Amino acid sequence: MSEILVLAAHDGESVKKVTLELLTLARRFGEPAAVWLGSGADGARERLAEYGAAKVYVAGGDDVTDYVAAPAAEVLAALVAQASPTAVLVPSTAEGKEVAGRLAVKIGSGVLTDAVDLTPGDGGPVAEQSIFGGAIIVKSKVTTGTPIVAVRPNAVPPEASPAAAALEPVSVELNSAAKGAHITERVAQERSERPELTEASIVVSGGRGVGNAENFALIEGLADKLGAAVGASRAATDAGWYPHQFQVGQTGKTVSPQLYLAVGISGAIQHRAGMQTSKTIMVINKDPEAPIFELADFGVVGDLFKVVPQLTEEITRRQGS
Ligand SMILES: Cc1cc2nc3c(=O)[nH]c(=O)nc-3n(C[C@H](O)[C@H](O)[C@H](O)COP(=O)(O)OP(=O)(O)OC[C@H]3O[C@@H](n4cnc5c(N)ncnc54)[C@H](O)[C@@H]3O)c2cc1C
């Protein structure tokens with residue numbers, strides 16, 4: 001069976017959920033082989049095995065992690081030449097897309113980004129993508145070279161399927177061009193207990209309707225009951241009610257959770273661009289004409305200051321806590 005290379009996203013210790021999703025998708029096309037850059041592969045091996053990695057290529061050493069993006073493309077290019085995989089899957093994050101682009105140039109292949117699903121097709125995977133700010137869904141496939149596909153987090157739920165995850169060291173001599181941007185310092189971001197916005201299965205976002213920074217406690221309270229991440233519209237972040245790093249949309253983060261709750265958000269095209277591919281969309285808005293209702297699977301027309309506390313209370317009651 002031919003290999004599918006999956007670039008593993010990790011923090012040096014634990015595997016990010018998107019990696020397990022990519023391994024799940026990769027099994028539709030062949031035998032997944034994870035590509036691990038830097039240290040920590042030993043500790044992560046069990047998890048990678050659980051989700052179907054037959055092999056784990058490990059490019060350890062400081063060289064691959066001390067420079068921005070380019071070393072990942074070098075390692076993947078070397079593995080494409082060595083293993084002739086059916087496809088290469090990377091997370092569709094800012095860094096993943098940069099790696100995908102660089103790899104495509106290196107090996108002369110086509111690249112697809114922001115895929116929200118992958119299905120088998122003639123001559124390679126067919127990617128579903130959302131384009132024009134999320135207004136249109138298209139299906140595309142790579143026609144030149146080894147398909148490189150960047151897939152958004154939450155495209156599929158991760159499914160376990162045990163495999164060997166045999167560790168295989170890879171040694172790649174980086175050329176000087178790959179060492180163009182050296183990482184001089186890493187500062188760990190303060191982490192809340194909530195899941196990371198782009199990885200979360202549920203996102204609760206607040207907009208201008210929330211009214212002020214203090215009222216975001218309502219959004220956080222609902223999010224915490226659901227084990228969700230908190231997002232915000234640009235109106236809310238520009239007003240200083242919530243930090244910019246949580247902005248969802250064209251100039252913020254792109255999310256694709258199983259459930260997206262938009263609270264007091266009108267649904268401007270720039271906001272939609274960041275959340276339109278969510279699997280289920282629920283809206284709470286007092287204006288029945290708000291454009292966000294066009295996207296909604298479930299909509300509540302009402303005052304968020306009444307609806308959100310009732311919803312949080314009902315979830316608490318059902319959870320029995
Ligand atoms: C180049 C560019 C890039 C942009 N990028 C982004 C981006 O990345 N992300 C983004 O979000 N925006 C972005 N915007 C801004 C975007 O155009 C909108 O201005 C913004 O999304 C509006 O945010 P909002 O929906 O929270 O506010 P509004 O449009 O003001 O909507 C507020 C909503 O809250 C409802 N509401 C008010 N009170 C209540 C209540 N008590 N209960 C229930 N509902 C209530 C109202 O009915 C209304 O629908 C961008 C704009 C430009 C020009």
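How do the residues of the lining of the second largest pocket divide into nonpolar, polar and charged? They divide into 8 nonpolar, 13 polar and 5 charged, where Ala, Val, Leu, Ile, Met, Phe, Trp, Tyr, Cys and Pro count as nonpolar, Asp, Glu, Lys and Arg as charged, and the others, Gly among them, as polar. This is a predicted model, in which local features need pLDDT of at least 70 and side-chain atom pairs count only at pLDDT 80 or more, while totals for chains, interfaces and linings use all residues. Residues are numbered from 1 along each chain as its sequence is written, and side-chain values use heavy atoms, with hydrogens and water left out.

**View 1. The second largest pocket and its lining.** A pocket is, on a 1 Å grid over the protein atoms alone, an open set of points where a 1.4 Å probe fits, with protein on both sides within 12 Å along at least five of seven lines, and lining residues have an atom within 4 Å of a point. The volume, which is the space filled by probe spheres set on the points, is about 490 Å³. Of the 26 lining residues, Arg-208, Ser-233, Gly-264, Ile-265 and Ser-266 are the closest to the centre.

**View 2. The ligand in the second largest pocket.** The ligand sits there, meaning that more than half of its atoms lie within 2 Å of the pocket's grid points. Among the 26 residues around the ligand, each with a heavy atom within 4 Å of it, Arg-208, Ser-233, Thr-251, Ser-266 and Asn-285 come nearest.

**View 3. Side-chain atoms beside the ligand.** An N or O atom in the side chain of Thr-251 is 2.6 Å from a ligand nitrogen, and one in Asn-285 is 2.7 Å from a ligand oxygen.

Note on methods. A polar contact is a pair of N or O atoms within 3.5 Å; within protein, one must be able to donate a hydrogen and the other to accept it, and residues adjacent in sequence count only if both atoms are side-chain atoms.
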